[in-house]
Amino acid sequence: MKERESLSVSEVTCLSPSAVCWARRLAAVGVGSLLLSFLASFALRDGFSRFLLAYLVSFCFCLSLSLGALFFVVLQHLTRAGWSVAVRRLGEILAAALPVWSLLFLPILFLVLVGDGSLYPWNDAAHVEHDPLLQAKQPYLNAPFFAIRALLYFAVWAWIARFYWRHSLAQDETGDKSHTLAMQRRAGISLVAFGLTVTFASFDWLMSLDPHWFSTIFGVYFFAGCVVAAFAALVLIAVSLQKFGYLQDSITADHYHDLGKLLFGFTFFWGYIAFSQYMLIWYADIPEETVWYLTRQSHGWAAISLFLLGGHFLLPFCGLMPRRAKRNKRVLAAWAAWLLVMHWVDLYWLAVPHAGSGPAFSVLDLLCLAGMAGLYGAVLLRIAADRQLIPRRDPWLAESLAFRNG
Amino acid sequence: MSTATQAAIDNTFDDPGRRAPLITGGQDYTSVTDMVCSLAERRQPPLAWYVAFGISSTLAAMFFGLIGYLIVTGIGVWGNNAPVFWAFDIVNFVFWVGIGHAGTLISAILFLFRQNWRTSINRFAEAMTIFAVTCAAIFPGIHVGRVWFAYWLAPYPAQHLEMWPNFRSPLLWDVFAVNTYASISALFWYMGMIPDLATLRDRATTKWRQLAFGIAALGWNGSARHWMRYETAYMLLAALATPLVLSVHSVVSFDFAVSQVPGWHTTIFPPYFVAGAVFGGFAMVILLIVPARQWFGLKHLITLRHLENMNKILLATGTIVGSAYAIEFFIAWYGGNAYERFAFINRALGPYAWSYWTMIACNLGASQFLWLKKVRTTPWMMLIVAAAVTVGMWFERFVIIVTSLSRDFLPSSWGFYKPTAIDILMFIGSFGLFFTMFLLFVRYLPMVAMAEVKSMMPHGHEEEH
Amino acid sequence: MAEQMSNQSEPETKLVGLLAEFRSPEKLVAAAEQVREEGYRRIDAFTPFPVHGLDEALAIRPTVLPWVVLGAGVSGAVAALAGQWWTNTIDYPFVVSGKPLFSLPANIPVTFEVIILFAGFTAFFGMLVLNGLPRFVQPVFRSQRFRRATADRFFLLVEAADARFSVENTRQLLSAVGAAQVEELHDDASPIRLPSWIGWTLVTLAILALLPPLWIARARVVQSDQPRWHTFIDMDYQPKAKPQTVSTLFADGRADRLPVAGTVARGQLRDDVRLYQGIDPDAQTPQPEPSNPEPPHPEPSNPSEPKPEAAKPADAAASEPAVAWVTEIPLPVTDPMMRRGQQQYNIYCAACHGLAGEGDGLVARRAQELQQGTWLPPTSLHSEPVRLQPVGQLFHTISHGVRKMPPYAAQISVPDRWAIVLYIRALQRTQNAKPEDVPSETWKAMQP
């Protein structure tokens, strides 16, 4: 039994100074890609709507990584987990992107406030005039309330993320246990606030794209996707960092094993939620609900739906089941990358079909995604620069470093 | 043998970096063994056991008598009518099945999450699961009317019927789910008990006890090779029981959610029901375990930390249930479906409003007190909360089933339901059956998983949580 | 090497090995490592709970159980899916609430449960089988001290069968590695023999167990003239007289009774002959009930010949005895009655006679297609003989049928039959109308 209770002296726990340069480069690439994507939209029919959808999907993709990571961090504190401390800072970095990331929602917010209905049909006054159902929903689906709620969601997330970021960093300096106690105490109420805001955010931003449709489990579905994506991202970040020489000894096969188990478990959870939603709507066969799924099995979307079922659930479930797969960095990272791709497909599948045409992945979507990813990466690097990649003076660190999976 | 004092050591402190002891009072392997085995080995349990057993077996006898009356006379002895075709029978079924889920969660899910504190309570909770599922399974069995044809539900080649069950029906999924759950839980419980039964066998002083425990222990000898396979099987069963428990209450929720009845057809039912089941189940565990640890002198094994952890899970699941209420209510409005909107208004303001507000007060009101550490760590306070939650969860099923059925789409079909005395007495009788089995369990079987507790006791390098 | 233990009653014992007792799991693990290093291979450890590190110390290989369980789970999935597919789509297909016969979403829950069921049972019973349990007779159980192996002591057994085993050296080694006590373990060397009565009991039980299935198998093939057993009465014996059964209450022994002479059941008086039979009693000359004599089938041995059509009804009508049919519908003729007649006609008559009465209903067309050779096409209601028939006769035809047409009295109430007759008259008028029948405004509008 290896006894490793403290960080080895040679352990590199801080990003090299070039990280800031890389952040700038990524930001430039990101902005550039987004602009290109916007320009490309002029060349396409319905380009503006498609650009907005691509923007929304990629924005939500990166947002979901931060949200899932926030959930992970707060949950670890709630349960007083010891094993995860070695990787928790990575989650904190992802979550700490939330305040800045909210700025990227401003374009959508602006569009909604000026009454543009290209993205959200309920915001199109002409549309609403002829639709009694939308009129009935107006007390909720109206631009000002939408904006207030969006601000509220981001405020709550930013507050929680910053709270945990500040305390965790402060503990790096002083090692004062009161920080851990504070983070523990706040965990419960933070998760409640998190749960409610994520639920309603998914209703507002994704479910209302098809404003006639509704599903009570939609928030849980989105949440499940966020958590899967966040664990996948954590795995990929950890593996990448180790590849570049950081945290070589701190993150072990045992940590990957646990991350793999959680990835496996939440993949199954995602499948369970997806199946519940589908099966209940399919079984009762009520037209006002089935229309959403009908859209997703016509005009070429059926292939995407089946691809999602197989790729987001069946394949990873089988692939992540063996113990060896979870303990092997390369295999686990491959599955993590695959699941991130599938998560993007999931968001695409959620958002785009109501637009009417078939699934048309175009350069526009890719550029948008590249843009968002670049910006996101830049934000992460910027946050992580000059900070420890592992909470050096966390009281549970010793337990985490010595952690053996059974 | 160490002298274990009965002074309650508060191990609910929070000191980051230091894991609180899960076993207090300076126990060692010997004292743990003695503490638990002596309960199953004493010749005469205290008088209170006899009194309790007398009451519970009387109620159980009443239960079976009423079942006989029901079968001979017919479903008309209940208050079920058109449109309220499902009432106390299905409410009780869902109630008991839900309670069973806490046991599996403690056994399987907490095991997968390496929560070592579960070892003091898992035997107790698993037993509760078996007994709760037994009580649960009786209700759908007797509510079919012609109970002697209940075997038609099984997929056997029925020449004379020339037909097969309808696998597309959630009622049949229930048959498979509950039966699978009962059998797998029983296997898991029994498998967990084998090493402890061996302990009792090896300590047995009378021939009968030797024989009984000897057969039950299957010749277990504690061989390292056997332990290795045992641990693998345990982990496999835990990994299987986890999705099983999720699926069982999801399938139960499908009974309602696949329909089109307003208030029933909503996609969040599966996870919401599972959370509700764990919520109600943990309340029952707390209701049972707080007196048990007191009366059986197990305070050093089932410590305040265990209770606090259980209460935290209670709080978490209660909050999830409350959020689900809010989301359902919101989407009922958001969906714009007049029937769905009415269903929720009717719940709060209609003829069964009293049941709705009882549910809210008990589930949300009572459980939110658990935010206070004082409530989480004081036994009498948590008993009140747990009792309220048990009541509230029964009423939740009542609200869902009866209010939605009594008033659905067409006002001309609306009807009012009143339970008959048989309904109520059967419900009480089911508690009699549950407690009868439970009292027998605490008398004859090891209440705490000794082997598991010992395996996580500190002896140098192990850690607690 | 038969060392006798003083408390052994059996004369024949053999040494199984040396059993060392340790006070703590750490000591046991360390001892196991050292003993193994010394070259001993046939060793086993016994603990009250699984001790970590012991598996490595004893070089115990992982078990194959997870793979077996995986296989069981997969076979559960296959069995459940195949079972549901076969029962619900092949053997007993029925459509329920519009769901497809094989509805994968609806078949998933049962499949899932069966997977867990198969896998779980395999895990439990597989573990028992692999461990060789139940095994109630074991050498280690002969040791008194070993009883604490399931409570608070830790044991190491070095088997005598091991190559390096020697009583003195092994005992020394065990004491050296920290054993609190070392004892010799002996076993009964005589071969195990089950008492004979066990064998006989099992054979008897097996034979007895076969009896019920054999009896059931016999019952399935043997026919009986005895009535079924009624384990649950289920309203099988009802205190009422069933038709065509024996009754001892009456002289003729029958349960079937005619109505009492001189009585009429309520609603059965039907004395209005015009309404109920379509016959005018005043103009009636005493006639027997028309009996619809069918003209003999001309070519019974030549079924492929096309059937002659219009000739038959005319012949039949000509050969019928004259009956004084009513010529006016004996109910007030109203618009609702006409619409009712249309509705009822479309329900009951149009299938054969066609919506317009041409005789081209779906049944007629289909039967024609099938060319069975026994099909007589329905009369066209527009043919002259039918047009000439008085309404009473039409009513009679509907009530009692004619030739191949079955009687409809049981399905259509009397007022509805008159309504249909009214509608038939309307249909007939459509194919045989005169300019005077057209309303004047419409006639004017029709002019070029």
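User: Hi! How many helices and strands are there in chain A?
Analyst: Hello! Chain A has 17 helices and zero strands. Helices (H or I, at least four residues) and strands (E, at least two) are DSSP runs, numbered from the N terminus. This is a predicted model, in which local features need pLDDT of at least 70 and side-chain atom pairs count only at pLDDT 80 or more, while totals for chains, interfaces and linings use all residues. Residues are numbered from 1 along each chain as its sequence is written, and chains are lettered from A and ligands numbered from 1 in the order in which they are written.

User: Thanks. What radius of gyration does chain A have next to a compact globule?
Analyst: Chain A has 21 Å, which agrees with the value near 22 Å for a compact globule of 406 residues. The radius of gyration is taken over C-alpha atoms, and the globule rule is 2.2 Å times the number of residues to the power 0.38. Along the principal axes, the C-alpha trace of chain A spans about 70 × 40 × 40 Å.

User: And what about chain B, how many helices and strands there?
Analyst: Chain B comes to 15 helices and zero strands. Its radius of gyration is 23 Å, in agreement with the value near 23 Å for a compact globule of 465 residues. The C-alpha atoms of chain B fill a box of roughly 75 × 55 × 40 Å along the principal axes.

User: Back to chain A. At what angle do helix 1 and helix 2 of chain A cross?
Analyst: Helix 1 (residues 18-42) and helix 2 (residues 47-78) of chain A cross at roughly 150°, and their axes come within 7 Å. Axes are lines fitted to C-alpha atoms, for helices over the stretch in contact, and angles run from 0 to 180 degrees between N-to-C directions. That makes helix 1 of chain A roughly antiparallel to helix 2 of chain A. Angles under 35 degrees count as roughly parallel, over 145 as roughly antiparallel, 65 to 115 as roughly perpendicular and the rest as oblique.

User: Which residues make that contact?
Analyst: From helix 1 of chain A there are A:Ser37, A:Phe38, A:Ser41 and A:Phe42, and from helix 2 of chain A there are A:Gly47, A:Phe48, A:Arg50, A:Phe51 and A:Ala54. Two residues are in contact if their C-beta atoms, placed from the backbone, lie within 7 Å. By class, five are nonpolar, three polar and one charged. Here Ala, Val, Leu, Ile, Met, Phe, Trp, Tyr, Cys and Pro count as nonpolar, Asp, Glu, Lys and Arg as charged, and the others, Gly among them, as polar.

User: How do helix 11 and helix 12 of chain A pack?
Analyst: They pack at an angle of about 125°, with their axes 9 Å apart; helix 12 covers residues 287-295. Helix 11 of chain A is therefore oblique to helix 12 of chain A. A:Tyr278, A:Ile281 and A:Trp282 of helix 11 meet A:Glu289, A:Thr290 and A:Tyr293 of helix 12.

User: New topic: how many residues does each chain put into the contact of chain A with chain B?
Analyst: Chain A gives 32 residues and chain B gives 26. On the side of chain A that touches chain B, helix 11 of chain A gives the most, with nine residues. That side divides into 20 nonpolar, nine polar and three charged residues.

User: And how many for chain B with chain C?
Analyst: There, 52 residues of chain B are in contact with 57 residues of chain C. Helix 7 of chain B supplies the largest share of the side of chain B that touches chain C, 18 residues. The residues on this side of chain B are 29 nonpolar, 17 polar and six charged.

User: What domains does chain C have?
Analyst: The assignment gives domain 1 (10-190) and domain 2 (273-296 + 306-437) of chain C. Domain bounds come from an automatic or database domain assignment. The centres of the two domains of chain C, taken over C-alpha atoms, are separated by 87 Å.

User: Last one: which peptide bonds are cis?
Analyst: One is the bond from B:Ala82 to B:Pro83, with omega near 10°, and B:Pro83 sits in the loop between helix 2 and helix 3 (88-112) of chain B. Another runs from C:Leu133 to C:Pro134, with omega near 0°. C:Pro134 is in the loop between helix 4 (104-131) and strand 3 (154-159) of chain C.
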